[in-house]
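Here is a short report on one protein chain. Keep the structure in view as you read.

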Amino acid sequence: GRLGLYSPDRSLIAYPDDSATVIEKPSTGEKWALAGILPIDFAPDNQHVAWDNDPDITGPYDQRPSDLYVADVNEKKPVRITRVYGGGLVGWLPRGLKLMYLGRPSLDVRERTLTVLDLTTNVTTTLATAERLSGMSVSKDGTWLAYYISFDADKSRNGIWVQRMDGSP
């Protein structure tokens with residue numbers, strides 16, 4: 001098959017072409033394009049895509065704005081979800097239409113927040129907050145999250161953490 005990013009059920013493929021990201025349905029040859037070369041991520045339902053668009057790739061990483069977008073695969077209606085600084089899209093959770101992203105909500109805040117947005121209810125859940133938060137990994141069933149915090153001023157926070165995805169203790 002074509003080299004590109006396949007949807008979870010392999011019914012769609014995304015690949016760069018000229019100045020656009022093409023989404024193709026290999027079974028029919030039907031194609032459509034999203035403007036720009038985008039690092040998209042297919043949702044588990046195979047009907048939505050998400051990406052972050054870094055409008056300014058200069059300057060310190062922790063100060064760079066990143067806009068997060070979601071679009072319906074067929075109707076191509078991109079919607080800007082949020083803007084974060086020093087972060088971006090982490091990915092879709094394995095069940096439902098839930099998107100995880102990381103970043104600072106504004107330049108006035110030092111700590112980055114790991115957030116899940118449920119697109120069906122438009123409710124966000126804050127999972128973790130730290131200045132140096134990384135290495136996110138979600139369990140296959142989407143109920144647990146592992147991540148690590150490094151170089152925190154409070155040394156007891158440094159290390160690998162595991163928690164429930166619903167934000168409960």
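## A buried glutamine

Gln163 has a relative accessible area of 15%, so it counts as buried. The cut-off for buried is under 20%. This is a predicted model. Gln163 sits in strand S14, which covers residues 159–164. Which residues does Gln163 touch, not counting residues up to four places away in sequence? They are Leu127, Thr143, Trp144, Leu145 and Tyr147. With Tyr147 there is also a polar contact: the two side chains meet at 3.0 Å. Ser150 is another matter. Gln163 and Ser150 are 13 residues apart along the chain, and their C-alpha atoms are separated by 17 Å.

## The chain as a whole

The chain has zero helices and 14 strands. Its radius of gyration is 17 Å, close to the 15 Å that the globule rule gives for 169 residues, so the chain is as compact as a globular protein of that length. Along the principal axes, the C-alpha atoms fill a box of roughly 55 × 35 × 30 Å. Of the 169 residues, 38% count as buried. The chain exposes about 9,500 Å², and carbon and sulfur atoms supply 51% of that area. Now take the contacts with a separation of 6 or more. Residues 24 or more positions apart account for 28% of them.

How confident is the predictor? The average pLDDT of the chain is 90. A score of at least 70 is reached by 96% of the residues. Among the elements, strand S4 has the lowest mean pLDDT, 86. Strand S13 (residues 144–149) has the highest, 96.

## Two open sheets

One open sheet holds seven strands, in the order S5-S6-S7-S8-S9-S10-S11, with antiparallel pairing. Strands S5 (41–42) and S11 (123–130) are at its edges; each has a single partner strand, so one side of each is left without a neighbour in the sheet.

Another open sheet has four strands, ordered S1-S2-S3-S4, and its pairing is antiparallel too. Here the edges are S1 (5–6) and S4 (30–35), each with a single partner strand, so one side of each is left without a neighbour in the sheet.

In a regular strand, side chains alternate between the two faces of the sheet.

## Strand pairs

Three antiparallel pairs are set out below.

| Strand pair | Bridges | Facing residues |
|---|---|---|
| S6 (residues 48–53) and S7 (residues 65–72) | six | Val49 and Ala71 |
| S3 (residues 20–25) and S4 | five | Val22 and Ala33 |
| S12 (residues 133–138) and S13 | four | Ser134 and Tyr148 |

S12 and S13 form a hairpin, with five residues between the strands. In this hairpin, Gly142 takes a positive phi near 75 degrees.

## A buried arginine

Now look at Arg104. It is found in strand S9 (residues 98–104). Is Arg104 buried or exposed? Its relative accessibility is 8%, so Arg104 counts as buried. What does the side chain of Arg104 reach at 2.9 Å? It reaches the backbone oxygen of Leu107. Leave aside the neighbours within four places in sequence. Arg104 is then in contact with Asp62, Gln63, Val84, Tyr85, Val109, Arg110, Glu111 and Arg112.

How values were computed. Residues numbered from 1 in each chain as written. Predicted model: local features only at pLDDT ≥ 70, side-chain atom pairs only at ≥ 80, totals over all residues. Heavy atoms only, no water. Pairing = 2+ DSSP bridges. Buried < 20%, exposed > 50% of the residue type's maximum accessible area, 1.4 Å probe, protein only. Polar contact = N/O pair within 3.5 Å; in protein donor to acceptor, adjacent residues only side chain to side chain. Contact = heavy atoms within 4.5 Å. pLDDT = per-residue confidence, 0-100. Rg over C-alpha atoms; globule rule 2.2 N^0.38 Å. Areas by Shrake-Rupley, 256 points an atom, 1.4 Å probe, with all protein chains shown as cover.
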